[in-house]
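User: Could you take a close look at one part of this structure for me? I would like to see how two packed helices sit against each other, with a little of the other chain for context.

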Amino acid sequence: MYKLIIATYKEFLLLKRDLGGLAILFIMPLVLLITVTLIQNSAFVGNADVQIPIILIDNDKDELSSSIIENLHKNDSFEIVRTIEGVTIDEALANDLVLKGDYQLAIVIPENLTKNLNTKVSQNVAEVLEELGVEEESTKENIEISPQQIRMYFDPAAQSSFKNGVKSTIDKMVSKLETEAVYKAFQDELEIDEVNFSSGELFTFLEMNPQKNNVDIKPNSVQHNVPAWALFAIFFIIIPLSINVVAEKNQGTFVRLKTSPISYATSVFGKVFVYLAVCLLQFLLMLLVGFYVFPHLGLPEFSINGSYWLLFIVALFSGLAAIGVGILLGTLANTPEQSAPFGATSVVILAAIGGVWIPVFAMPELMQVVAKLSPMNWGLNGFYDVIIRNGEFADIVPEISLLGLFFLSMIFISIYYDKVKNAV
Amino acid sequence: MIIIDHISKKYKGTDFYSVEDLDLKIEEGEIFGLLGPNGAGKTTLISMLCGLLKPTSGSVSINELNFRDHKKKLQYLIGVVPQEYALYPTLTAYENLLYFGAMYGLKGKKLKKNIDDSLDSLGLTPFSHKRIKTFSGGMKRRVNLIAGILHQPKILFLDEPTVGVDVQSKNVIMKHLKKLNDNGATIIYTSHHMSEAQDFCSKVAIIDSGKVIIKGTPNELINSVDGAKRLEEVYLDLTGGELRDYV
C-alpha cells in the first residue's frame, strides 16, 4: 500500500510539473465542449435563427408560384434570392452557382404550373360530379396534362438531412396548395360562393414530454451535448496516458523499476489514481462551464434531472474505462508514434460507435449491435439516465458494471502481457 | 556467490549470440570488472545477471537463488545502476530518491537518513531539491548511483557508472563504491576505463564476442602478456586494435 501511495505521488508530481501538458488536458476538452455545443445547438433547436439563402426561379409567375414564394418567405429558415448583382438568375446560372457551393439550393418552378394544376383539378372534380349525377355529362374532351416537376438543385456537398428537410417542406407546401385548388374547383363547379371551406389542417401533432416522478423530461441541446462531449473528452485521456506509459518504458527509469521489487500493477495503479482524478476534474470543469458559461453564450443553462452524485459515479466509471484503454495501449505500444495516433483514432471510432454523433437507433443493424459493445455507449447511456431520464442508482448499475468490468479486463490484460513479456 | 553457468543469449531477429556459453564465478565481497569492447556482450550479461533479460540457455544463481523462482527476494538483495540516467528529469534529486527508495520498502526516518547520508557522501546535499534536468552529467551520474544503493544491497551491478563524467565526479563515485565494498557489498561493474578497472577491481574478465577470453586479478592478467605493464596493454593485445562498430 505504501508503495502504491508513493507511486501515485510520483505520478502526481510528474503531471504537475508538465504545465503545458496539464493545460492541454484541461483546456482542450473545454474548448471542444463549447465549440461543439455552440454548433450543435442551432441544429437541435431547428436552425431558428439561421437563414439559408436559396435561389428561386419562377417560370410560372401565377397564383401557385406566388403562394409557394409567400410560404417560403413566411418560413424563417430560408432567404429567397432571385437576382444576383442586378441580373435575374436563370436555370443555367442557378446550376453553376449551386455547383460551386455558393448556394445550397435552387428551386425552379416550371411554366404553367398554376394553369395546369387548375385544369387538372377542374377536370377531376367535373368527373366526380358527373359520376355522382350532380352535373350533366360534359361534351368537352379532357386535355392530357403530364405531371410537372418543381426542380431542386442541391449543392453536392449538402447533407442528406438538409435535402430531406427541404423536400419535405416543399412537398407539404404543394400538397396544401393542391388541396386548396380542389376545394376551389368544387366551389366553382357547384357555383356556391357563400360556403368557405377551411383549408386548414384537420389534425396536428403535439409533442408530449414523458414524465418520471411528476417531472417533465424535456431535454435541451446542452443536456444532450454536455454528457456526449464530456465523455468524448474523458476518453481523450487515452492519448496522454498511453504516451506516459510508453515514455516510461523508453526511459532508463524502466530498467530500474524492472529490477526493483515493485509490481507492474503498483506502477499501473499509481497512474490510474492520478489520471482518474484528472478525468473527474475535467468533468467537473465541464459541468461548471455548462452551468455558468453557457448562459452567457446564448445557450441553455445546463441542468440535470437526477442526482449529481450519480453523475459523478458514471463519470468515474467512464474515466476508469478510458484509463484501462490507455494503460493497455501504452503497455502494447513500443513508441509514442505508435500509441498517439492509435489512441486518437480509437477515441474517434469509439465515439462514433458509441452514438456520440449519430444516435444508435439511426445506425445500420450491424452497427447497432457493435454500439452495444462500446464503452462510450455505456457511459453515454449512463449519463442520459441521470441527466435526462431522471434515473436512480439502480438505473445506472448495468452501465457502470460494464464499464468497471471493461476497466478490470484492460488492466488484467496489461499486467498479464507485461508479465509474459518480461519473464526471466 | 554468483554462479554463471553456460549462459547464452541470442536476441530475436539476429543470427549471432551476444553472449555465448559463458561461465563465471564471482565470490562474495569481490569487485568484479567486466571489460570488453563495444558490442562484446557486457551489458547483455549484466542484464541477465540482474534479471532484466531471460537467457536463451544456461542459468544464473545468486546466493543459490534464481530469478525464475525467487525474483522478489533477489530484487531486494541486488542493486542496479544502469548505464542510462534512470531518473525522472522533472523531479528533484530528493523526490527521485524518495520514490526509488520507497520501491524497496524503505520509509520514514530510515529512508530520509539513507537519502541524506548518500547525498552528503556524494556532495549533492546543496542540490537535493533541484530538478534533475538542471543537473550536470556528473551530478546525474551520482544521483543515478545513489538510487541504486539506497536500500544497501549486498550485490551491486553497475553498467559503466563513470561514463561521461569529469575527473572530480569520477573520483567521488569510485571512492564511494570502494566504501560500499569495504562494508561488504559485492560489486560487478562494466567499464571501458582500463586504468580505473586496474585500480578498482579485485578480479576482471575480458569479454569479446560474447565469450570470456581471460579472467583473473589485474596483476595476473598483466603478467600473462609479455612486456605488459598496464591492463590496457593486455586488453589491446587480446582484443586487437581494430574498431568495433556494429549495428
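Analyst: Here is a walk through the helix pair, followed by a short view of the other chain. This is a predicted model, in which local features need pLDDT of at least 70, side-chain atom pairs count only at pLDDT 80 or more, and totals for chains, interfaces and linings use all residues. Residues are numbered from 1 along each chain as its sequence is written, while chains are lettered from A and ligands numbered from 1 in the order in which they are written.

Helix 10 of chain A covers residues 264-293 and helix 11 of chain A covers residues 308-332; helices are DSSP runs of H or I of at least four residues, numbered from the N terminus. The two pack at an angle of about 135°, with their axes 9 Å apart. The axes are lines fitted to C-alpha atoms over the stretch in contact, and angles run from 0 to 180 degrees between N-to-C directions. That angle makes helix 10 of chain A oblique to helix 11 of chain A (under 35 degrees is roughly parallel, over 145 roughly antiparallel, 65 to 115 roughly perpendicular, and the rest oblique). On the helix 10 side of chain A, the contact includes A:V268, A:Y275 and A:F283; on the helix 11 side of chain A, A:F312, A:G319 and A:I327 are among the partners. Contact means C-beta atoms, placed from the backbone, within 7 Å.

For context, chain B has nine helices and nine strands, strands being DSSP runs of E of at least two residues. Its C-alpha atoms fill a box of roughly 50 × 40 × 35 Å along the principal axes. Among contacts in chain B between residues at least 6 apart in sequence, 68% join residues at least 24 apart.

How values were computed
Two residues are in contact if their C-beta atoms, placed from the backbone, lie within 7 Å.
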